[in-house]
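Biologist: I am new to this structure and would like a close look at a single part of it, namely the aromatic side chains and how they meet one another. Could you take me through that part slowly, and then set it beside its surroundings?

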Amino acid sequence: MVMSPPAERVEAATVISVADAGIRFKRNRRARRTFKDLFAGRNRRSRPGEFWALRDVNFTVASGEAIGVVGRNGQGKSTLLKLVAEVILPDEGSVSVHGGVAPLIEITGGFVDELTVRDNVFLTAGLHGMKRSEIEERFDEIIDFAEIGDFLDTPYKHLSSGMKVRIAFAVISRLEEPIILVDEVLAVGDKAFREKCYRRIEELLAGGRTLFFVSHNERDLKRFCTRGLYLDKGALVLDAPIEDVLARYNSDYGEPA
Amino acid sequence: MVVSALAPSRPSWSPFARYRHSLWLLTVRDLRVRYSTSALGYVWSILDPLVMAAIYWFVFTQVFDRSVGEQPYIVFLLTALLPWMWFNGAVSDSTRAFLREAKLVRSTKIPRTIWVNRLVLSKGIEFLASIPVLAVFAIFSGAQLHWQVVFFPLAVLLQAILVMGVGLIVAPMVVFFRDLERATKLALRFLFYASPIIYGVVDLPEGLHFWAAFNPLAGVFSLYRAAFFPDQLDWATVGIGSGMCLLFLVLGVLVFRRTERAVLKEI
């Protein structure tokens, strides 16, 4: 496994470093639970009924890199993304992220049905750390991008599901954070809007952002990413240029349709 | 479309400012949602204690010969009932602190204690907003305001510490043991009668005074009540109660820290 970033990027600062990270989950969510294992802390070894979703994962990401995460379903891709977003915490090892993160994960999660689109934009952007004045500056841009100008004062619950995703993407992608995390969520929405989202991601990349991208779509991975991480059975199997990673993935599991 | 040229250098927040900012946003959101979805809004948050106060007032002054509390009884009731609504509302809402906001908790990395503290704050604000009701009753029943009203901020502080501590224990535990939601409701109903709300600590049998002080609400309510009924103020009770409030907070922080990573996996 090669950890060092490509030579021309040596001067770029490390923004994400994952060291010996591991996280385990209960195999059966309904498993009986006792007060004792609730307080068992992080250092206990694996117990029956649990499995390591990820283990001994090591890599660092330099500022400006575009990384694609490859692997079959259930091999820990989304878990890795959530670890980097710091919305779950590792049971062993460490994940440290320097700089703000714009997580395109469950993007509609922060939106409240009862409030208007306008209130929701201020709420979500604010929760991700934007000041009111910053949001006001970008407000028109966000609404333009989402193409929902007429629905500003409509309660969020009355929007169509497409609109909901559009406004959510518009807000999160305007966060101006140096690191962007993208999960497969973008598969939602019509083709034209998806293309628009992808163009936006390309612009952000051109602007020097760091991208962390989870997808099954080989074309998208090749379009954005230069480096690939291949996860299999909870381990980081290969950390290499994206073409090599995809080639290895395809040789392991056959050509994807 | 305009995109800033390079990795942007935004003004960065101190962790404390960021915490305050997120906490405030969510608190305002809670209050907004509550008041934008009901026509009566503010009235609801005071109607509940008012109806309860009316019932107890009727029972203890009209039906029975009042032998508990002090005159005017309605003011005596409200001085503890309004803060009780804060405690009751925040603790029972904290049973759903994570479950109701699961999607948001899963997608933002704000410090997790905010999910509890926003409830402490929004219910606390509703409590402060209900004080004018007490003032109106005090004026019309001719209750005398004493200098002990200066203890009001201390009472608010102690109660905030207590509610935060209890919330930090209840919120993560409910994620693992859903039954706790109902158990909490039951415990709260018990606590209502076990706390000096419809009576004062002095109305209890002599032998119970010392033990009653270990219910932190006893000390807190006696501080609130001192504004109108200085005789209710008993510093021993307040002292033990303050210790209990701090104990709950320490316990709450410990429980919350130990369970945080498991909570995030579970929701």
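Modeller: What follows begins with the aromatic pairs and then turns to the surroundings in each chain.

The model is predicted, and every value given here was computed from it. Over all chains, the count of aromatic pairs comes to 31. One of them is formed by Phe111(A) and Tyr156(A), whose ring centres lie 4.9 Å apart with their planes at 25°, and because planes under 30 degrees apart count as stacked, this pair is a stacked one. Phe111(A) belongs to the loop between strand E5 (101-104) and helix H3 (117-127) of chain A, whereas Tyr156(A) belongs to the loop between helix H4 (132-146) and helix H5 (161-172) of that chain, so the contact ties together parts that are 45 residues apart in sequence. Both Phe111(A) and Tyr156(A) are buried.

A pair in chain B can be set beside this one: Tyr73(B) and Phe76(B) are also stacked, with 5.9 Å from centre to centre and 20° between the planes. Here the two partners sit in one helix, H3 (residues 73-94) of chain B, and because they are three residues apart, about one helical turn separates them. Tyr73(B) has a relative accessibility of 1% and therefore counts as buried, and Phe76(B), with a relative accessible area of 0%, is buried as well. Tyr73(B) and Phe76(B) also belong to one aromatic cluster, whose other members include Tyr56(B), Phe60(B), Phe64(B), Trp84(B) and Phe87(B), together with Phe192(B), Tyr193(B), Phe228(B) and Phe229(B).

The chain around that cluster has 10 helices and zero strands, so that, under the run-based assignment of helices and strands, its elements read as α-α-α-α-α-α-α-α-α-α from the N terminus on. The C-alpha trace of chain B spans about 75 × 40 × 35 Å along its principal axes, and 52% of its 267 residues count as buried.

Back in chain A, aromatic rings also meet charged side chains. The charged end of Lys196(A) sits over the ring of Phe145(A), 4.9 Å from the centre of that ring, and the charged end of Arg166(A) is placed over the ring of Phe193(A), 5.9 Å from its centre.

Chain A also has paired strands. Strand E1 (residues 14-26) runs antiparallel to strand E2 (residues 50-62), to which nine bridges join it, and within this pairing Arg24(A) has Trp52(A) as its bridge partner. Strand E1 of chain A is joined by five bridges to strand E4 (residues 92-97), again in an antiparallel arrangement, where the bridge partner of Gly22(A) is Glu92(A).

Last come the enclosed spaces, of which three have a volume of 30 Å³ or more. The largest cavity has a volume of about 50 Å³ and is lined by 10 residues, among which Val70(A), Ser215(A), His216(A), Leu221(A) and Tyr249(A) lie nearest its centre. Helix H7 (218-224) and helix H8 (242-253) of chain A are the elements that give two or more residues to this lining. By character, the lining of the largest cavity divides into five nonpolar residues, four polar ones and one charged.

Definitions and conventions:
Residues are numbered from 1 along each chain as its sequence is written. Chains are lettered from A and ligands numbered from 1 in the order in which they are written. This is a predicted model: local features need pLDDT of at least 70, side-chain atom pairs count only at pLDDT 80 or more; totals for chains, interfaces and linings use all residues. Side-chain values use heavy atoms; hydrogens and water are left out. On a 1 Å grid over the protein atoms alone, a cavity is a set of points where a 1.4 Å probe fits but cannot get out, and a pocket is an open set with protein on both sides within 12 Å along at least five of seven lines; lining residues have an atom within 4 Å of a point. Grid points are joined across faces, edges and corners, and a volume is the space filled by probe spheres set on the points. Helices (H or I, at least four residues) and strands (E, at least two) are DSSP runs, numbered from the N terminus. Ala, Val, Leu, Ile, Met, Phe, Trp, Tyr, Cys and Pro count as nonpolar, Asp, Glu, Lys and Arg as charged, and the others, Gly among them, as polar. Two strands pair if DSSP finds at least two bridges between them. Rings of Phe, Tyr and Trp (its six-membered ring) pair if their centres lie within 6.5 Å; planes under 30 degrees apart count as stacked, over 60 as edge-to-face and the rest as tilted. Buried means under 20% relative accessible area, exposed over 50%, partly exposed in between (1.4 Å probe, protein chains only). A charge sits over a ring if NZ of Lys or CZ of Arg is within 6 Å of the ring centre and within 35 degrees of the ring normal.
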